[in-house]
Amino acid sequence: MLIAPASSLICPHDGAAMVVRGNSLVCPRGHSFDRAKEGYVNLLPVADKASLDPGDSKDMVAARHKFLNTGAYAPIASAVAEMATSAIETADKNGPFSILDAGCGEGYYLQALAAALAAHSSAADVRLAGIDVSKWAVRAAAKRDVPATWLVASNRRPPFPPASIDLILCLFGFPLWAGFAAVQPPGAQVLLVDPGPDHLIELRQIIYPQVRIVERAPVANADGYTFASEARVRASAHLASPTIIADLLLMTPHAHRASAEGRSALSTRATLDVTIDVTLRMFTRNAI
Ligand SMILES: C[S@@+](CC[C@H](N)C(=O)[O-])C[C@H]1O[C@@H](n2cnc3c(N)ncnc32)[C@H](O)[C@@H]1O
Ligand SMILES: [Zn+2]
């Protein structure tokens, strides 16, 4: 497949199409956004920021980056690539097929997807973009060698024209369906990846006095979307050092929830084998 960065972007203030001028993106009304030296553009209006430094912190992003680069979650990346490849092949579009990683974090999954698609023999033309509200995440993602457009932006209002995105990936993230619907045509898809009941169960058994087994929520249709299919990844990962274990804790919501005793019990572990249990659910945008 041919892989290239997404090029159709709209102004976050007025929705007008933006063009590249020098090192900036500009709209016809004069709003201008500079490209950072790492190559990403910050399109998050101050009014859309929930805080001064929204999204994952610098430390969380650094921990996720180190952890994912160990390859421990490679089975998840492969499953995502498999579902995305099949969506591209089924769509069989004449023009480019656009994929948006919504809440892309530090870019591990979009990089793995780009590599998998580039190695695929079909002639499909694929455009890639990743957005995240955390500038730390987008900065780290833009440093990866991926032919993708990286933007600081929110899933609440992805800065793309209506009906321009064929597949949205929302991995361990925050699906904001109205924002997704605003950029997808009927028939387009959203792939949600979420933890299953046994995900990281061994780590949870160490940090919590009692592990809550959260049963999988029944599959429901989302706002404007219909559930289409589901796959599950089960694998195990060997975490070979206390640093890797600490990075995994820091990148998950468990870092905030664990007690001091739980964290200290985990810190005594030299290695840890953990279960990976995630669900991948595909949703299709309804006809309007
Ligand atoms: C658990 S992390 C997952 C990151 C990445 N998808 C992964 O699996 O490695 C959730 C991400 O969503 C981002 N985020 C939070 N609210 C968001 C929003 N409204 N729009 C886009 N991204 C958001 C956070 O900054 C963080 O990077
Ligand atoms: Zn504008």
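Ligand 1 is surrounded by 20 residues, of which Gly 55, Gly 103, Gly 105, Ser 134 and Asn 155 come nearest. A residue counts as near a molecule if its C-beta atom, placed from the backbone, lies within 6 Å of it. The shell comprises nine nonpolar, seven polar and four charged residues. Here Ala, Val, Leu, Ile, Met, Phe, Trp, Tyr, Cys and Pro are nonpolar, Asp, Glu, Lys and Arg charged, and the others, Gly among them, polar. At least two shell residues come from each of α3 and β7 (125–132).

The model is predicted: local features need pLDDT of at least 70, side-chain atom pairs count only at pLDDT 80 or more, and totals for chains, interfaces and linings use all residues. Residues are numbered from 1 along each chain as its sequence is written, with chains lettered from A and ligands numbered from 1 in the order in which they are written.

The largest nonpolar core (buried Ala, Val, Leu, Ile, Met, Phe, Trp, Tyr and Cys residues joined through C-beta atoms within 7 Å) has 85 residues. Buried means 20 or more other C-beta atoms within 10 Å, exposed 12 or fewer, and partly exposed in between. Helix α3 (residues 108–118) gives the most to this core, with seven residues. Helices (H or I, at least four residues) and strands (E, at least two) are DSSP runs, numbered from the N terminus. Leu 191 is among the residues with the most contacts inside the core. Beyond four places in sequence, its contacts (C-beta atoms within 7 Å) include Val 80, Leu 169 and Met 282.

Ser 236 lies in strand β11 (residues 225–239). This residue counts as exposed because it has 12 C-beta neighbours inside 10 Å.

Terms used. Contact = placed C-beta atoms within 7 Å.
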